[in-house]
Structures are given as structure tokens and as C-alpha cells.
Amino acid sequence: MNNLFAVVVTWNGEDCIAKCLHSLLNSDIPIQVVVVDNASSDQTMKIAQAICPNAIFFQLTHNLGFGKANNIGIKYAYDHGAEHILLINQDAHVDVNTVSTLVALQQAYPKSGIL
């Protein structure tokens with residue numbers, strides 16, 4: 001399968017991060033999860049690490065904002081051979097076949113840069 005990464009930017013998301021991460025772990029294709037935490041002051045990171053211990057974690061010391069935090073995760077993914085990167089908000093979740101459907105769609109239209 002393709003080298004697929006999901007980048008999740010978090011900030012004080014203890015009420016929603018579990019559903020997001022569980023949905024990624026339950027995907028019908030394997031996904032390497034990258035969590036970039038924008039200096040949360042709640043239990044977001046503790047929850048994320050418990051649910052997804054094999055994820056890559058970046059715990060920032062101050063909030064860089066959503067865009068810059070995504071760029072940290074994207075750079076990590078590209079530096080580690082990503083063929084596909086899913087950017088997903090901490091309060092979103094995917095169905096079991098969402099990611100495989102997106103990968104198939106991108107492969108059907110290889111000139112597309114973003115879906």
C-alpha cells in the first residue's frame with residue numbers, strides 16, 4: 001500500500017480528539033498518524049498518546065496557528081516518503097473507507113494535486 005500519512009493539528013481538543021484518532025486507526029488501509037499539538041493546556045496530548053501510541057507527536061511550546069502546525073506535519077510526512085497526506089481537523093472523523101476512496105480517486109486522476 002502507499003505510504004499514507006494523516007496530519008492532525010490539535011489545540012485543547014480533549015473533547016473530540018479520541019473520535020478522530022479512532023476513526024483513523026479503524027481505516028481500511030494503514031495510516032501513519034502525525035499529531036501536531038499547538039501547546040494545548042488540557043489533556044489532548046495525553047489522550048492522543050494513549051489512543052495512538054505509535055503516532056508521531058510534535059508538542060509545540062506555543063501556538064503557531066493551524067497553518068504552520070500543518071506544515072510541520074506535512075514536512076515530516078514528505079521527509080519520510082509520504083505518497084499521500086490527509087489533513088484532518090481534530091474535531092473531524094472519517095468512515096472506514098474514506099481514506100481508501102480518496103487514494104483510489106487520486107490514483108484515477110494522478111494530475112490532481114489536492115482532493
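In helix 3, the residues Ala69, Asn70, Gly73, Tyr76 and Ala77 are buried, where buried means under 20% relative accessible area, exposed over 50%, and partly exposed in between (1.4 Å probe, protein chains only). These residues cover an arc of only 120° around the axis, which puts them on the same side of helix 3; the arc is that of the directions from the helix axis to the C-beta atoms. An α-helix has 3.6 residues a turn, so residues three or four places apart point the same way. On the other side of helix 3, Lys68, Lys75, Tyr78 and Asp79 are exposed. This is a predicted model, in which local features need pLDDT of at least 70 and side-chain atom pairs count only at pLDDT 80 or more, while totals for chains, interfaces and linings use all residues. Residues are numbered from 1 along each chain as its sequence is written, and side-chain values use heavy atoms, with hydrogens and water left out.

The cover over the buried residues of helix 3 includes strand 1 (4-10), strand 2 (32-37), strand 3 (56-59) and strand 4; helices (H or I, at least four residues) and strands (E, at least two) are DSSP runs, numbered from the N terminus. The 14 residues of helix 3 should span 20 Å at 1.5 Å a residue, and the end C-alpha atoms are 20 Å apart, which agrees; the expected span is 1.5 Å times one less than the number of residues. After helix 3 comes Gly81, whose phi is positive, near 85°.

Helix 1 (17-25) can be read in a similar way. Its residues Ile17, Cys20, Leu21, Ser23 and Leu24 are buried, and they cover an arc of only 160° around the axis, which puts them on the same side of helix 1. The buried residues of helix 1 pack against strand 1, strand 2, helix 2 (44-51) and strand 4. In the loop between helix 1 and strand 2 lies Ser27, which counts as buried because its relative accessibility is 11%. Leaving aside neighbours within four places in sequence, Ser27 is in contact with Val96 and Val99, contact meaning heavy atoms within 4.5 Å.

Within strand 1 sits Ala6, which at 0% relative accessibility counts as buried. Not counting residues up to four places away in sequence, Ala6 touches Leu24, Ile31, Gln32, Val33, Val34 and Leu86. Ala6 and Leu87, although 81 residues apart in sequence, are 5.9 Å apart in space, C-alpha to C-alpha.

Two loop residues other than glycine have a positive phi. Asn12, with a phi of about 45°, is in the loop between strand 1 and helix 1 and counts as partly exposed at 24% relative accessibility. Ala39, with a phi near 60°, lies in the loop between strand 2 and helix 2 and is partly exposed at 26% relative accessibility.

The largest pocket holds about 530 Å³ of space, and of the 17 residues that line this pocket, the closest to its centre are His84, Ile85, Gly113, Ile114 and Leu115. On a 1 Å grid over the protein atoms alone, a pocket is an open set of points where a 1.4 Å probe fits, with protein on both sides within 12 Å along at least five of seven lines, and lining residues have an atom within 4 Å of a point. Helix 3 (66-79), strand 4 (84-89) and helix 4 (98-108) each supply at least two residues of the lining.

Note on methods
Grid points are joined across faces, edges and corners, and a volume is the space filled by probe spheres set on the points.
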